Amino acid sequence: MVPVDAAPFTLRSAPGALAEGAAKLAGDLGATGVEALLAQANRTAARKGAAAAMGAMSPRPQEWYAFDAKDQDTADWYPQGLTCGEDSGETGVPVFAVSWYFKPEPPAAERGIRVTFLSPSTLKYQHVLLVEAKPDGSYGPIDIHAGGIAWYGDLLYVADTKRGLRVFDVNRLLDLRTAQNDLGDAKRVGRHDGKFHAFGYRYVLPQTGFWRVATAGARFSFAAVDRSAGPDLLIAGEYDENGTTGRAVRYELRGDGIGAPVDCFQLGAAKIQGAVSRNGTWYLSQAFDARTNGKLLVAGGGKVSTRPFPIGPEDLTIQDGKLWSVTEFRNKRVVFGVSL
């Protein structure tokens, strides 16, 4: 973790008409909340299911939750980012939020990205389609990788690899069922003939803001929140195949969004999929292929240690005194927690 220049990661707010479009949709549909969504969530995770994700890891994580059989087996959607209600500081119930990207390439129709809200208390979870709304109230999918996600207050920050961080206000969470729409139409998205569609999803969350990187070159592969620093910090960083260029940057989080970069570090390790800092210690998730266990790298006090990790670990977050990550590969998709 060698300090380097943070200037390439300077962000500027560029919301355009996003907030106007989101407000138009909320006016037409009415907004709901995360707690209400979880109360009727339509899928159920399995505690300590999909054990193949653990591979040769020993000891195994203290806790993990596996997505259901359909989400385990799909080749269309891959989980990437992870954040939690503790990062937010505003949620009334324990909750994880996981970002997924749609993998099929054209000629398959793009379906963009989604976020999953999962309750560790009930094991219930629900997918929500993230959309880009227009001032006239129409909307469409967002074609990005969504490699990282961070939740602070009411705002979700989603990594857009070459552009910066897209912003979604959870107060704009919209339930299409309230408008008596055709939720069974899995091929359409947007407003058509007076009805709203979202590839069959019941919920959509429109983008409300955008923090764009000021100069080309910086990449945004993962995201996290550090509430131990005072002021609170948002972390973003770069995946690097060879371990020569990847960096992690930290921004001061303010009431009106993201401030200037506070510091930036060269990671010095290849294939880092997630990073979070807490009380002066850095935690980095390192992933390889669908058959090889990843590693957790811990850097602090001038030392670096390596701990066992499951197969395919991605973004990182901290909740209830544990370090959590999500794994991406088919039939090995879990949200898991280990000791800090």
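Let me start with what counts as a strand and as a pair: helices (H or I, at least four residues) and strands (E, at least two) are DSSP runs, numbered from the N terminus, and two strands pair if DSSP finds at least two bridges between them. With that in hand, here's a first piece of the fold: strand 23 and strand 24 are joined by a hairpin, through six residues.

Some housekeeping before I go on. What you see is a predicted model, where local features need pLDDT of at least 70 and side-chain atom pairs count only at pLDDT 80 or more, while totals for chains, interfaces and linings use all residues. Residues are numbered from 1 along each chain as its sequence is written, and side-chain values use heavy atoms, with hydrogens and water left out.

Okay, back to that hairpin and the sheet around it. The sheet is open, with four strands in the order 22-23-24-25 and antiparallel pairing. At its edges stand strand 22 (272-278) and strand 25 (303-311), each with a single partner strand, so one side of each has no neighbour in the sheet. From one strand to the next, the twist averages 20 degrees; for angles like that, axes are lines fitted to C-alpha atoms, for helices over the stretch in contact, and the angles run from 0 to 180 degrees between N-to-C directions.

Let's walk across it. Strand 22 and strand 23 are antiparallel and share six bridges, with serine 277 opposite tryptophan 282 in strand 23. Their hairpin has two residues between the strands, and in it asparagine 279 takes a positive phi near 50 degrees. Moving on, strand 23 connects to strand 24 by five bridges, again antiparallel, and here glutamine 286 faces lysine 295 in strand 24. Then seven bridges link strand 24 (residues 293-300) with strand 25, also antiparallel; glycine 300 sits opposite lysine 303 in strand 25.

So how much of strand 23 is buried? Five of the six residues in strand 23 (residues 281-286) are, where buried means under 20% relative accessible area, exposed means over 50%, and partly exposed is in between (1.4 Å probe, protein chains only).

One residue I'd like you to look at is alanine 275, in strand 22. Why does alanine 275 count as buried? Because its relative accessibility is 0%. Contact here means heavy atoms within 4.5 Å. Setting aside neighbours within four places in sequence, alanine 275 touches Phe222, Ala224, Ile235, Trp282, Tyr283, Leu284 and Leu316. Its C-alpha is also 9.9 Å from that of valine 249, which is 26 residues away along the chain.

There's a second sheet to find on the screen. This open sheet has five strands in the order 4-5-28-27-26, with antiparallel pairing. Strand 4 (46-47) and strand 26 (313-319) are the edge strands, each pairing on one side only. Inside the sheet, strand 27 (residues 322-327) and strand 28 (residues 334-339) are antiparallel over five bridges, and leucine 323 is opposite valine 338 in strand 28.

Now the inside. A nonpolar core is a set of buried Ala, Val, Leu, Ile, Met, Phe, Trp, Tyr and Cys residues joined through side-chain atoms within 4.5 Å. Which residues have the most contacts inside the largest one? They are Phe67, Phe96, Leu129, Tyr139 and Val335, in a core of 31 residues. Elements giving two or more residues to this core include helix 1 (18-29), strand 9 (124-133) and strand 27. Apart from it lies another core, of 29 residues, including Trp64 and Val276.

Further along the chain, strand 15 and strand 16 pair antiparallel over four bridges. Histidine 192 is opposite lysine 195 in strand 16. Two residues lie between the strands in this hairpin, where aspartate 193 has a positive phi near 50 degrees.

Just ahead of strand 15 (189-192) is a loop that follows strand 14 (174-175), and leucine 176 lies in that loop. Is leucine 176 buried or exposed? Buried, because its relative accessible area is 0%. Leucine 176 and alanine 31 are 145 residues apart in sequence, yet 9.7 Å apart in space, C-alpha to C-alpha.

That's the tour, so over to you for questions.
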